[in-house]
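Here are my notes on the structure, set out as numbered points. Please read them with the model open beside you.

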Amino acid sequence: MSLRYLLQRLATLLLVLLGVSILTFAIIPLVPGSPARVMLGVQATDASVAALQHKMGLDRPLPVQYWSWLSGIVLHGEFGNSLINGKPISEQVRHRLPATLVLAFAALLIGLLIALPSGIISALRPGGARDLGVSVMSQIGVSIPDFWLGILLILVFAQYLRWLPSTGYAPISDGLWPYLKHIILPATTAGVISGSIMARFVRSAMLEVLGNDYVRTARAKGLGARRVIGKHVLRNAAITVVTIIGLQMATLLSSIVVVEIIFAWPGLGSMALNATLQRDYPVLQASVLLFATSFAVINLLTDLSYVLLDPSVEYA
Amino acid sequence: MKRLMLILALFATLAALSLGFAQKSGGTLIAAWAQDPVGLDPQIASARSSLEVLENVVDKLVALDPQGKLVPSLATSWEVSSDGLTWTFHLRHDVKFSNGRPMTAQDVVYTYTRMLDPATGSGQKYLLGSTQTVTAPDPYTVEFHLKTPEVALPAHLAAQASVGIIAKESVDNGTINTQPIGTGPFMIADYEPGNQVVLKKNPYYWQKGLPYLDEVDIKIITDESVRQTSLISGDVDWAISVPPQSLSQLQNDPNIVVDKTTAGAYWYIGVNLKHKPLDDVRVRQAISYAINRKDITDAMTFGTGVPTQDPIPSSSAWAFNYAPYSYDPAKAKQLLTEAGYPDGFRMQIMPTTQYPESVRGAQVIQQELGQVGIKVTIKNLEWAQWLQEEGKGNYDTYVCSWNGLVDPYDFFYAQQRTGQVFNFTGYSNPKVDALLDQGNSAKGFDQRKAIYQQANKLIVDDAPYIYLYNPANIQAYQSYVKGYAARTDQNIDFVKTWLDK
């Protein structure tokens with residue numbers, strides 16, 4: 001893979017992000033409601049709304065606001081301040097990003113722990129009893145709404161069994177066990193649903209690879225099942241699986257927003273939702289930009305990983 | 001021997017008494033809030049979630065005791081000039097802000113001047129009524145100069161944290177919206193928007209020995225069933241509100257105290273008098289006859305609210321309990337026919353997802369009005385959009401509440417008097433205006449009550465607001481949380497709270 005290719009991809013990524021930021025800036029103010037009115041509540045008068053909007057800089061022309069925001073990011077790496085509470089957004093992002101990342105990775109891990117074994121087991125004997133069992137379980141997993149599962153887990157494990165805390169995030173400075181205790185329920189909620197979806201894709205990927213000629217050749221050569229699967233099948237199925245993970249990240253991240261709300265998890269998802277409800281424009285724009293960046297980066301990483309997994313893939 | 005027994009008995013009694021009254025200092029209270037504060041600038045923030053935090057951070061000149069009577073706070077005494085236009089407040093000498101600086105009259109002047117300044121954009125300055133300026137003739141005396149007399153000014157200065165005294169430093173260094181500096185029992189140590197607010201004991205607090213708690217950790221848990229679970233499982237010590245459906249479950253839990261009191265608040269249907277046919281009083285009265293307030297209250301509050309036809313709750317000394325309407329669909333149809341709508345008409349009602357009870361109420365109202373021919377469509381909006389539509393008058397009717405009301409002025413003036421800030425409905429009745437103005441300057445409880453009784457009757461008859469019920473103020477906490485009581489004015493007050501564990 002050439003450096004030129006990499007630079008081209010990065011340049012495209014930046015252009016995409018620029019486009020996303022312009023689009024969000026243009027669309028978001030069209031939504032009815034304003035942060036000034038949200039702050040003033042029912043007790044808003046036209047005069048106080050106007051005064052607050054002026055303080056918030058919202059009476060400037062939109063291109064001026066956009067330029068001021070963009071230059072803040074490009075020149076200073078700062079997202080500006082929240083309109084609702086005045087706190088620097090970069091600070092909030094710094095606090096919340098680790099929380100969302102750890103939740104995303106834990107959920108992905110749990111999802112893979114569910115998807116990989118189930119997908120492989122069901123693909124080895126398609127149509128058999130195990131395949132059917134996995135199929136039913138994954139169907140249930142796909143159909144469960146995330147907020148329902150979250151509340152159910154809280155009820156069972158926090159209220160009835162008292163094994164785990166119901167909400168919140170414990171920083172790692174509180175100790176490893178409290179940190180893990182708080183992650184388990186939210187990660188399981190997001191992970192179970194994600195894993196159920198991925199299981200079906202893993203199964204199809206495995207089936208497809210298992211049906212290939214080189215697998216039959218390997219078997220015909222007399223190689224044991226473990227070697228066939230371990231050496232040939234998995235490596236070739238890995239590409240499909242990596243693609244699936246890349247695509248699933250989008251669903252997973254949106255699931256995480258809901259999970260963060262239920263579990264009062266202080267991540268970027270709940271920050272984005274609160275910003276939407278409160279019409280906190282700069283926070284919302286920062287959130288959209290961050291989510292768009294993460295999708296684009298995941299996309300890029302997925303594409304680049306193919307080179308590692310499949311020597312026949314080449315990017316010029 | 002007898003003397004020894006007597007002495008022992010005396011010691012035992014003293015010991016028992018001291019155990020009973022021994023508040024334990026220290027500890028952290030973990031409290032669950034339902035919503036994120038929307039900014040913490042006392043003069044701008046209007047959200048209840050903001051005010052509930054600020055109540056523990058700022059003090060007011062005057063306060064309300066749990067029974068709703070005015071008591072001194074930062075001001076030790078106050079009087080009004082004979083023409084009613086100058087109110088003088090005498091301040092305590094021993095008050096310090098949480099940054100250690102002593103509070104003087106200049107701080108009071110600063111606070112209220114900022115509030116009155118249009119550039120601040122305060123939505124709460126109506127609490128200062130007709131105050132034109134605030135001055136400080138000496139370091140411990142403050143004068144309010146009014147344009148028209150206002151008997152209820154001290155009551156407003158006790159109303160809510162919006163009129164709390166702030167330190168100029170927090171405005172100057174730009175942190176007024178996240179860490180306002182006040183003289184209250186606690187100070188804001190940390191505010192993570194959407195996640196938590198950490199309050200720490202104010203080391204300079206003027207009430208000696210208080211607060212008992214070292215810290216209050218306010219966690220924002222928006223989902224009400226999760227909030228309830230956190231309370232039951234012991235993850236939080238105190239919860240600001242619990243689903244009313246679960247009250248009996250919580251009341252049966254020996255570890256949980258359910259604290260219920262009447263609230264100085266009311267829920268109502270606001271009618272847009274600028275939209276036909278709602279400008280006809282007979283149509284509005286027809287609506288008032290067509291609805292079954294008991295059904296609506298049960299749907300909205302699961303039985304914890306008290307249906308009412310006028311705004312002031314029966315538990316208040318100011319209650320009138322004027323109830324000319326009844327659930328009478330036949331009478332409603334008759335009124336509609338008289339007004340020229342024998343087949344009814346189309347109407348919109350606007351609840352908000354912010355308050356799920358308003359959605360439930362709108363559904364019952366839609367069904368009941370349908371019985372008399374009024375075809376209702378429900379326009380259910382999320383909060384920010386609801387505020388926009390309500391502010392611009394884009395509605396036929398809406399469902400909402402007023403909270404934290406104490407003086408009859410609070411229940412009527414800003415909402416029903418012509419041209420006042422919160423008169424959203426466009427209601428204008430010169431007789432009501434005259435009465436409400438009179439109520440501002442009349443002296444003495446009996447005289448004021450008589451005036452407001454007449455105003456109350458006119459307003460209920462004219463029905464610009466169709467009153468539904470008075471809600472209860474319900475909080476729940478662990479049984480080891482002592483020294484806390486739910487208040488009628490809905491303020492959250494942790495100053496005397498301590499943990500018995």
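1. In chain B, T133(B) stands opposite H145(B), a residue of strand 7. The two strands concerned, strand 6 and strand 7 of chain B, run antiparallel and are joined by 5 bridges. Please keep in mind throughout that this is a predicted model.

2. Which strands make up the open sheet, and in what order? The sheet in chain B has 4 strands in the order 4-5-7-6, with antiparallel pairing. Strand 4 and strand 6 (131-138) of chain B are the edge strands, as each pairs on one side only. From one strand to the next, the twist averages 20°. Helix 3 (residues 105-116) of chain B packs on this sheet and touches strand 5, strand 6 and strand 7 of chain B. The direction of helix 3 of chain B makes about 165° with that of strand 6 of chain B.

3. Strand 4 (residues 75-80) of chain B runs antiparallel to strand 5 of chain B, and 5 bridges join them. One of the pairs is E79(B) with T88(B), the latter in strand 5 of chain B. The two strands form a hairpin with 5 residues between them. In the turn, G84(B) has a positive phi of about 75°.

4. Strand 5 of chain B also pairs with strand 7 (residues 141-146) of chain B, in the antiparallel sense and over 5 bridges. Here F89(B) has V142(B), in strand 7 of chain B, as its bridge partner.

5. Which side chains of strand 5 of chain B are buried, and which are not? In a regular strand, side chains alternate between the two faces of the sheet. Strand 5 (residues 86-91) of chain B shows this alternation. W87(B), F89(B) and L91(B) point to one face and are buried. T86(B), T88(B) and H90(B) point to the other face and are not buried.

6. Further along chain B, why is strand 19 described as largely enclosed by the rest of the structure? Strand 19 (residues 472-478) of chain B is so described because 6 of its 7 residues are buried. Strand 12 (residues 256-262) of chain B runs antiparallel to strand 19 of chain B, with 7 bridges joining the two. V258(B) stands opposite A476(B) of strand 19. Strand 11 (residues 238-239) of chain B also pairs with strand 19 of chain B in the antiparallel sense, over 2 bridges. In that pairing, W238(B) has Y477(B) as its bridge partner.

7. Chain A should be read separately. Its secondary structure comes to 12 helices and 0 strands. Of its 316 residues, 38% count as buried. The C-alpha atoms of chain A fill a box of roughly 85 × 60 × 35 Å along the principal axes. Among contacts in chain A with a separation of 6 or more, 70% are between residues 24 or more positions apart.

8. Helix 7 (residues 146-160) of chain A has 15 residues. From its first C-alpha to its last, helix 7 of chain A reaches 20 Å, close to the 21 Å expected at 1.5 Å a residue. Its buried residues are D146(A), L149(A), G150(A), L153(A), I154(A) and A158(A). Just after helix 7 of chain A, R162(A) takes a positive phi of about 55°.

9. Is P178(A) in helix 8 of chain A buried or partly exposed? P178(A) is partly exposed because 16 other C-beta atoms lie within 10 Å, whereas 20 or more would make a residue buried. This proline lies in helix 8 (residues 176-210) of chain A. The C-alpha atoms of P178(A) and P165(A) are separated by 9.1 Å, and the two residues are 13 apart along the chain.

10. How do the two chains meet? 44 residues of chain A are in contact with 44 residues of chain B. Several helices of chain A each supply at least two residues of the side that touches chain B, including helix 5 (89-124), helix 7 and helix 10 (225-262). The residues on that side of chain A divide into 21 nonpolar, 18 polar and 5 charged.

11. Last, the confidence scores. The model scores ipTM 0.84 and pTM 0.87. Chain B averages a pLDDT of 92, and 97% of the residues score at least 70. Where pLDDT is low, the predicted coordinates should not be read in detail.

Methods: Residues are numbered from 1 along each chain as its sequence is written. Chains are lettered from A and ligands numbered from 1 in the order in which they are written. This is a predicted model: local features need pLDDT of at least 70, side-chain atom pairs count only at pLDDT 80 or more; totals for chains, interfaces and linings use all residues. The expected span of a helix is 1.5 Å times one less than its number of residues. A residue is buried if 20 or more other C-beta atoms lie within 10 Å of its own, exposed if 12 or fewer, and partly exposed in between; C-beta atoms are placed from the backbone. pLDDT is the predictor's confidence in each residue, from 0 to 100. Two residues are in contact if their C-beta atoms, placed from the backbone, lie within 7 Å. Ala, Val, Leu, Ile, Met, Phe, Trp, Tyr, Cys and Pro count as nonpolar, Asp, Glu, Lys and Arg as charged, and the others, Gly among them, as polar. Two strands pair if DSSP finds at least two bridges between them. Axes are lines fitted to C-alpha atoms, for helices over the stretch in contact, and angles run from 0 to 180 degrees between N-to-C directions.
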